[in-house]
Amino acid sequence: MSRLIFEKSSPGRTGAYKCKSEGKSEDALSFIPEELRTSNPPDLPEVSELDVIRHYTRLANKNMGVTSNFYPLGSCTMKYNPCVNEEIASMDSFVNIHPYQPQSTVQGALELMWLLEKYLNEITAMDGFTLQPAAGAHGEFTAMLIAKKWFKDKNENRNVILVPDSSHGTNPASAAMGGFQVTQIASNENGLVDLNDLDEKLNEKTACFMMTNPNTLGLFEKDILKIADKVHSKGGLLYYDGANLNATLGLVRPGDAGFDFVHVNVHKTFSTPHGGGGPGAGPVGARGLLAEYLPRPRVKYDGEKWSLDYDCPNSIGRVQAFYGNFSVLVKTLAYILSIGKDSITDVAKLSVLNANYLLAKLKNIFAIPYGDSCMHEFVASAEPQSKLGVKAMDICKRMLDYGYHAPTVYFPLIVKEALMIEPTETESKETLDDYAEIISKIQLEIEQEPEKLHNAPITTPLRRLDDVSAARHPNLRYEKRL
């Protein structure tokens, strides 16, 4: 096993070079005033530049991401993110500005944000957007604060948020953080919202119904217009969780379907690595008078210059220190512009095509509890394999031995032994064929050598971990061995 970087440390070894000025060598940190220097240097490893490069290269090679192989993580939309967007976001004119410098000196940044809001309005059929929220769940929480102030100003005591039983876990969590009670709406036998259950639980206490469309099972809610009418007839709001916008981009706009406000996971749909791979952003849009409640400031344009508008009397106020995760917003706009208005629907069409192609190739291996077709993702069940003593988690661990990342496992909770698979539009037919072939090989192992799956992964740097203990008792600190 390779040594840790601290274990390679040798006193006095360095990867930095001394600065030279007028032929005279001087301390590279001599420009720092004496009173600002610490007398106790940080306890960092003393290694050469080559050791550092080799160390991080080895770590990178142990990692698995969308640039190393297929990453069908359902609901997360782990699509390929063009490197050119990273280059654009790293331009000096973007990274070397500060949110509090004079607005006259950052007109380009303000124009970028203003333009992105306009595009998001058009894509979602909203009337206004805030770019402040730092991620999808933060966007949900922002929306809950908007709903709370909206009904307070209307003198209506509405304290209940409805969520489907297949919803993302952040939906009820965000609602609870916003001070609401959460009521679950059941799914029917087709995996869609049970309208009878909705009728029974929808009343004058309902503030909002939080929905994802397509839903978490990868199915389009065909009764969405009826649902919108039911919610609005009771005076409630309909909220759109944009986690699955990849499936309908340019084809179905949430506002046209009756949604009152939305959040958009731009780090999923619009090309930015997220999760452990980078920061996210969850812009929130709203229709009509609800848009007046969006966080301030908003970017405005008077025909000559762009500026930050703080004159928003109904706003809920800030939800972040500045105006959003700016580098993510840069990449979002770069992605939209590079795709173009005429081609943006191809994102949705290809993601749906890829998901249905893979579903057709795997439906004879796994159980498919809801329907023979899907939108951008589908939920399979390893319940048939569990009867042979092999669980969904065993299958996922074995996929690592073949160089593939696992799909989302055991979610949504309404499907036993769930495997949630999303291929995204950026994968080729050949990749999907290879993946299906690997699944077929694993199925043979389940039938002939099930112990191989119980012991998987076998070829990875680390074998099977205790996932529960790792989550509950993470050890993220290095301690020197005596």
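# Exercises on a predicted single-chain model

Of the 482 residues in the chain of this predicted model, 47% count as buried.

## Exercise 1: Overall build

Determine how many helices and strands the chain has, and explain why the chain can be called as compact as a globular protein of its length.

**Solution.** Begin with the secondary structure, which amounts to 16 helices and 14 strands. Next, compare the radius of gyration of the chain, 25 Å, with the 23 Å given by the globule rule for 482 residues; the two values are close, so the chain is as compact as a globular protein of that length. The extent along the principal axes can then be added, the C-alpha atoms filling a box of roughly 80 × 70 × 45 Å. Finally, turn to the contacts between residues at least 6 apart in sequence, among which 70% join residues at least 24 apart.

## Exercise 2: Surface and charge

State what share of the accessible surface belongs to carbon and sulfur atoms, and how far apart the centres of the positive and negative side chains lie.

**Solution.** The accessible surface of the chain comes to about 24,300 Å², and carbon and sulfur atoms account for 53% of that area. For the charges, count 50 positive and 60 negative side chains, and then take the centre of each set; these centres lie 4 Å apart. Some of these charged groups pair up, for the structure holds 20 salt bridges.

## Exercise 3: A salt bridge between a strand and a helix

Identify which parts of the chain are tied together by the pair Arg 298 and Glu 117, and decide whether Glu 117 is buried or exposed.

**Solution.** First establish the pairing: the side chains of Arg 298 and Glu 117 meet in a salt bridge, with an N to O distance of 3.8 Å. Then place the partners, Arg 298 in strand β10 (residues 298–301) and Glu 117 in helix α4 (residues 107–124), so that the salt bridge ties together parts that are 181 residues apart in sequence. Lastly, apply the cut-off for burial, which is under 20% relative accessible area; Glu 117, with a value of 7%, is buried.

## Exercise 4: Two further pairs and a network

Classify the accessibility of Lys 222, Asp 223, Arg 287 and Asp 260, and find which residues are joined into a network by shared partners.

**Solution.** Lys 222 and Asp 223 form a salt bridge through their side chains, at 3.7 Å from N to O. Lys 222 has a relative accessibility of 62% and counts as exposed, whereas Asp 223, at 19%, counts as buried.

In the second pair, the closest N and O atoms of Arg 287 and Asp 260 are 3.6 Å apart, and the two residues form a salt bridge. Arg 287 lies in the loop between β9 (284–286) and β10, while Asp 260 lies in the loop between β7 (237–241) and β8 (261–263), so this pair ties together parts that are 27 residues apart in sequence. Arg 287 is partly exposed at 29%, and Asp 260, at 12%, counts as buried. As for the network, salt bridges that share partners join Glu 122, Arg 253 and Asp 256.

## Exercise 5: The surroundings of Thr 124

Work out which residues Thr 124 is in contact with, leaving aside its neighbours within four places in sequence.

**Solution.** Locate Thr 124 in helix α4, and note that its relative accessibility of 1% makes it count as buried. With the neighbours within four places set aside, its contacts are Phe 129, Arg 253, Pro 254, Gly 255, Val 262 and Val 264.

## Exercise 6: Backbone features in loops

Find where Pro 214, Pro 412, Thr 77 and Glu 417 lie, and describe the backbone geometry at each.

**Solution.** Take the prolines to begin with. The peptide bond from Asn 213 to Pro 214 is cis, with omega near 5 degrees, and Pro 214 belongs to the loop between β6 (206–212) and α8 (224–233). The bond from Phe 411 to Pro 412 is cis as well, with omega near 0 degrees; Pro 412 sits in the loop between β13 (408–409) and β14 (418–421).

Glu 417 likewise lies in the loop between β13 and β14, and its phi is near 50 degrees, a positive value in a residue other than glycine. Glu 417 is buried, with a relative accessible area of 15%. Thr 77, in the loop between α1 (49–62) and α2 (83–89), has a positive phi of about 50 degrees although it is not a glycine. Its relative accessible area is 2%, and Thr 77 is therefore buried.

Key:
Residues numbered from 1 in each chain as written. Heavy atoms only, no water. Helix = DSSP H or I, 4+ residues; strand = E, 2+ residues; numbered from the N terminus. Rg over C-alpha atoms; globule rule 2.2 N^0.38 Å. Buried < 20%, exposed > 50% of the residue type's maximum accessible area, 1.4 Å probe, protein only. Contact = heavy atoms within 4.5 Å. Areas by Shrake-Rupley, 256 points an atom, 1.4 Å probe, with all protein chains shown as cover. Lys, Arg positive; Asp, Glu negative; His and termini not counted. Charge placed at Lys NZ, Arg CZ, Asp CG, Glu CD. Salt bridge = Lys/Arg side-chain N within 4 Å of Asp/Glu carboxyl O.
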